[in-house]
Amino acid sequence: MDTMNPLIEEMKLKLLEAIEAAGISWEEKQPPALRPCGDRRFGDYQANAAMTQAKRLGRNPRELAETVAAWWNEHHAAQATVSVAGPGFLNFLLTNETLLRALQPNCWSHLPKKVENPPVLILDYSSPNVAKSMHVGHIRSTLLGDSLSRVMRHAGWQVITDNHIGDWGTQFGKLIVGYLHQGSEERLAANPIGEMERLYKWAHEAGEHDPALQECARLELKKLQDGDSRNKALWERFRGMSQSAFDSMYGRLNISFDYTLGESFYHPMLGGVVDDLMRAGVASESEGATCVFFDDKMLQDKPFLIRKSDGAFLYSTTDLATLKYRANHFKADKIWYVTDLRQALHFQQLFATAKKWGVSVESEHIGFGSILGQDKRPLKTREGDPIKLDALLDEAVSRALAILEERRADLPSDEKKALAEVLGINSVKYSDLAQNRHLDYVFDWNKMLAFDGNTAPYVLNAYVRIQSIFRKSGESSSEKYELASPQHPRERDLMLHLLQWDDTLAQVAEEKRPHYLCFYLFYLAGLFHAFFESCPVLKSEPALKRHRLALCRMAADTLREGCGLLGLQTIEKM
RNA sequence: GCGCCCAUAGCUCAGUAGGAUAGAGCAACAGAUUUCUAAUCUGUGGGUCGUUGGUUCAAAUCCAACUGGGCGCGCCA
């Protein structure tokens, strides 16, 4: 997944040459690493190869580095000059000519990569439950999954997104009973999800004091599972109403799925899965239930239950059926499950079972931490008041609108409303994606909707300022833009950062961590703002103006593309 | 009992196959706008990287133990 700029790749090979010229035989598969300097004061790129090789051969690192640097400077000074620092760092300072060449369209672009025989990746995320509202608990999976799907498509993979919704299970018995006793067509028409939640809650609570009602729910569930036509029609109706609600939420979030194959889709396959696993000797009976046992140390005392003693199937059974279906039907090479980190053990067991079963697909659990309440306890679905996703988005949008009213009183009302919608939603998305996915975080309106610092508004503001320059320039044709050698330190900073675009994306894809992209964009926006302060564009002499306009164009394109990969929309004003 | 994750500035967090004087943002303070959007920029202060050992030229990073917090572990999803 190494997709660096061709000029940098070429420099790696030249570095390899320099190392071999110093009498070192390079035994590693990859050419020596060349990475951006952690501290710009030292140079543009750095290599640690002299130190690692010196260690391997028991030679003096500083001396070896000096030899390599001398050879490089003798042969390739036109491309970059190398200096040695500390115990043997090789610090590369690119010549301005190199920087300019590296950013030409043949070396640098935002086009998606072309990969021969790209891996087929199934991306499983979001997965809300039918008859319930989407709430904060769905945010991370939905946003991470969507961003990763965009990033991996950009990386050239064949990505298939699948929303594995919870559309089957015991809750439908209660829901049907609730509907039969309490259902209101009027309410169902006005607020389908709210009414379904009310009916479920009623049946659940009433059932606690009324065993007959519980029995009734069991019976209705059984009827549904046996194909009773009235219950099946009700179930389909509930599911349809939920799907409409999901669709409108996804529409608002600008997220879409290739497939929505929920739990019900796999239900007919479950019996076969268990039989198959039994026949293959993968599963066995234990205490009346059906389990898979594992040999390896980690899982040996943690059996995977795939059928309850009463014969009912479980989440695990559905997941096994799903995994096999994806491997066979979609010819998936990889499956990524974007879910809560607390399900880690479940996925370990699932993948271990699949392996014993002989299903060859490389599966990975892309886990993330919990969103906690102010009390540092996970926000729960069943109890308390989970914050609903649409309410959260509304709040974000209204806060964005309030800021626009204050700062942009000059804009027409309609325009402000449209901008607020995008800004609010972008802010929610960005604040989540900018987090390291492994960590829990405490939910906080102010934090989620902060418009300062490493946030969507800050990044978008850089884009907006560039658009404003373009509007004022009155020149839309790109021939007027011509990138040149950097004339000012702020230009050079910007160009060097643009050069690292490919590297950043490769890293995001490698580690499945979009927050690296957020940092890249935040940094890019900062560099642009600094450039904006000290480098006038429109008032410069023609040649400099063409150069700076080209730089603006590249920065804007990168911001737009980067935002796009996070699932954010750019705006022209704010 | 077994296992997984986390601990970095007052707060929220970065820190990418071990690298240089550990970085941002927020908050605080001091400045900058007749000029392309001040939702901006420039500067200042702020740290025994949970503790103790080990590995080496080099450890926030790797290893071991410990402390504190979270999570998971057969009939929920």
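Here are four short exercises, with worked solutions, on the predicted model of chain A shown above.

**Exercise 1. Get an overview of chain A: how many helices and strands are there, and what share of the residues is buried?**

*Solution.* Start with the secondary structure: you should find 22 helices and 13 strands. Next, look at the outline. The C-alpha atoms fit a box of roughly 90 × 65 × 40 Å along the principal axes. Now turn to burial: of the 574 residues, 51% count as buried, where buried means under 20% relative accessible area. Last, check the contacts. Taking those with a separation of 6 or more, 74% are between residues 24 or more positions apart.

**Exercise 2. Follow helix H10 from end to end: which residue caps its N-terminal end, and what follows the helix?**

*Solution.* Begin just before the helix, at Asp228. This aspartate is the N-terminal cap of H10, with a side-chain oxygen 3.3 Å from the backbone nitrogen of Arg230. Then walk along the helix itself, residues 229-253. Its 25 residues reach 35 Å from first C-alpha to last, close to the 36 Å expected at 1.5 Å a residue. Wondering where that 36 Å comes from? The expected span is 1.5 Å times one less than the number of residues. At the far end you meet Asn254, which follows H10 and has a positive phi, near 60°. Finally, pick out the buried residues of H10; among them are Leu234, Trp235, Phe238 and Met241.

**Exercise 3. Stay with Phe238: which residues does it contact, and what core does it belong to?**

*Solution.* First, skip the neighbours within four places in sequence. Phe238 then contacts Val130, Phe172, Leu175, Ile176, Tyr179 and Met196. Now zoom out to the largest nonpolar core, which has 145 residues. Phe238 is one of the members that touch the most others, a group including Leu15, Phe92 and Phe528. Helix H22 (residues 542-566) gives this core its largest share, eleven residues. Another core lies apart from it, with 33 residues, including Leu320 and Trp357. In general, nonpolar side chains in soluble globular proteins tend to be buried together.

**Exercise 4. Explore the second largest pocket: what is its volume, and which element supplies the largest share of its lining?**

*Solution.* Volume comes first: about 860 Å³. Then count the lining, which has 33 residues, with Met4, Arg35, Pro36, Asp503 and Gln507 closest to the centre. Now sort by element: S1, S2, H2, H20 and H21 each supply at least two lining residues. The largest share, six residues, comes from H20.

Note on methods
Residues are numbered from 1 along each chain as its sequence is written. Chains are lettered from A and ligands numbered from 1 in the order in which they are written. This is a predicted model: local features need pLDDT of at least 70, side-chain atom pairs count only at pLDDT 80 or more; totals for chains, interfaces and linings use all residues. Side-chain values use heavy atoms; hydrogens and water are left out. A nonpolar core is a set of buried Ala, Val, Leu, Ile, Met, Phe, Trp, Tyr and Cys residues joined through side-chain atoms within 4.5 Å. Buried means under 20% relative accessible area, exposed over 50%, partly exposed in between (1.4 Å probe, protein chains only). Helices (H or I, at least four residues) and strands (E, at least two) are DSSP runs, numbered from the N terminus. Contact means heavy atoms within 4.5 Å. A polar contact is a pair of N or O atoms within 3.5 Å; within protein, one must be able to donate a hydrogen and the other to accept it, and residues adjacent in sequence count only if both atoms are side-chain atoms. On a 1 Å grid over the protein atoms alone, a cavity is a set of points where a 1.4 Å probe fits but cannot get out, and a pocket is an open set with protein on both sides within 12 Å along at least five of seven lines; lining residues have an atom within 4 Å of a point. Grid points are joined across faces, edges and corners, and a volume is the space filled by probe spheres set on the points.
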